[in-house]
Amino acid sequence: MQTPQELELDQDREELQSYLLDHPDDFVTHILQFNEMLARYRAASQEITTKLEILRNDFNTRQYRNPIESIQTRIKRPASIVGKMKARCMDITLESIEKELNDIAGIRVVCSFIDDIYMVAEKLLAQDDLRLIRVKDYIKNPKPNGYRSYHMVVEVPVFFLDSKQPMRVEIQLRTVAMDFWASLEHEMKYKKQIKNSAVISEELRRCAETIAETDEKMLELRRQIEAD
């Protein structure tokens, strides 16, 4: 039986193969262009990651605890990019991809407590070379399935050999508990032929509510301890 990651990779490969079959004469050109584009997004991801690591080190030096548990990065695969553009019925060009997709470069920041999420976001956005593009607060407004996280799309200037380009990066901030739930939900939704899927979805939503209540309770306990 294939793992969720293997199923996702197979789906990506099918999308990419379909795209390349539609553009047989431009195969090498498209590969080179995609690689160059992804390299730019990796650089943007490194810029944001460096800023977060500096904040993390500063927290370690100046505070009794560090609100950032972990920082993870990912770059969307070419096949995933093609699949998403096809799903939106968009032309697959570098210009349209960079215009339409804000999540090619993604960073996940896992924090200890709910208030840490908003504090880290505020400290990051206080840096004057970042421009906020969009915020989606799925903590205050969870998705119907129970998903909770704080999403920001920011634009950061990146200096290359011959130019400076503003690049967009999506940042997801969540607690350890939110990350635990999201990871398991993502893994399970790729399994095929799930029996009683409606029941399972409802149970997952209830688990998300329980986790959210636990997050709130842990924050309350921390504040009580700090007040003593």
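Me: Before we look at the sheet, what counts as two strands pairing?

Reply: Two strands pair if DSSP finds at least two bridges between them. As a general idea, strands of a sheet pair through backbone hydrogen bonds, either parallel or antiparallel. Keep in mind that this is a predicted model.

Me: Okay, so in what order do the strands of the open sheet sit?

Reply: Go across the 5 strands and you read β1-β2-β5-β4-β3, with mixed pairing. β1 (68–75) and β3 (131–137) are at the edges; each has a single partner strand, so one side of each has no neighbour in the sheet. From one strand to the next, the twist averages 25°.

Me: In which sense do β3 and β4 pair?

Reply: Antiparallel: β3 and β4 (residues 150–159) pair that way over 6 bridges. For one spot to look at, find arginine 134, which stands opposite valine 153 in β4.

Me: Let's try a helix. Is isoleucine 81 buried or exposed?

Reply: The cut-off for buried is under 20% relative accessible area. Isoleucine 81 has 0%, so this residue is buried. You'll find isoleucine 81 in helix α3 (residues 78–87).

Me: Which residues does isoleucine 81 touch, leaving out those up to four places away in sequence?

Reply: Phe34, Met37, Leu38, Lys76, Ile97, Leu101 and Ile104. Isoleucine 104 is 23 residues apart from isoleucine 81 along the chain, yet their C-alpha atoms are separated by 7.5 Å.

Me: And what about the surface: which residues make the nonpolar patch?

Reply: Phe180, Leu184 and Met188 make a patch of about 270 Å². Methionine 188 belongs to helix α6 (residues 176–189) and is partly exposed, with a relative accessible area of 33%.

Notes. Residues are numbered from 1 along each chain as its sequence is written. This is a predicted model: local features need pLDDT of at least 70, side-chain atom pairs count only at pLDDT 80 or more; totals for chains, interfaces and linings use all residues. Side-chain values use heavy atoms; hydrogens and water are left out. Patches are made of residues with over 30% relative accessible area and no salt bridge: like charges are joined within 9 Å, nonpolar side chains (Val, Leu, Ile, Met, Phe, Trp, Tyr) within 5 Å. Accessible areas come from the Shrake-Rupley method with a 1.4 Å probe; for residues, only the protein chains shown count as cover. A salt bridge is a side-chain nitrogen of Lys or Arg within 4 Å of a carboxyl oxygen of Asp or Glu. Helices (H or I, at least four residues) and strands (E, at least two) are DSSP runs, numbered from the N terminus. Buried means under 20% relative accessible area, exposed over 50%, partly exposed in between (1.4 Å probe, protein chains only). Axes are lines fitted to C-alpha atoms, for helices over the stretch in contact, and angles run from 0 to 180 degrees between N-to-C directions. Contact means heavy atoms within 4.5 Å.
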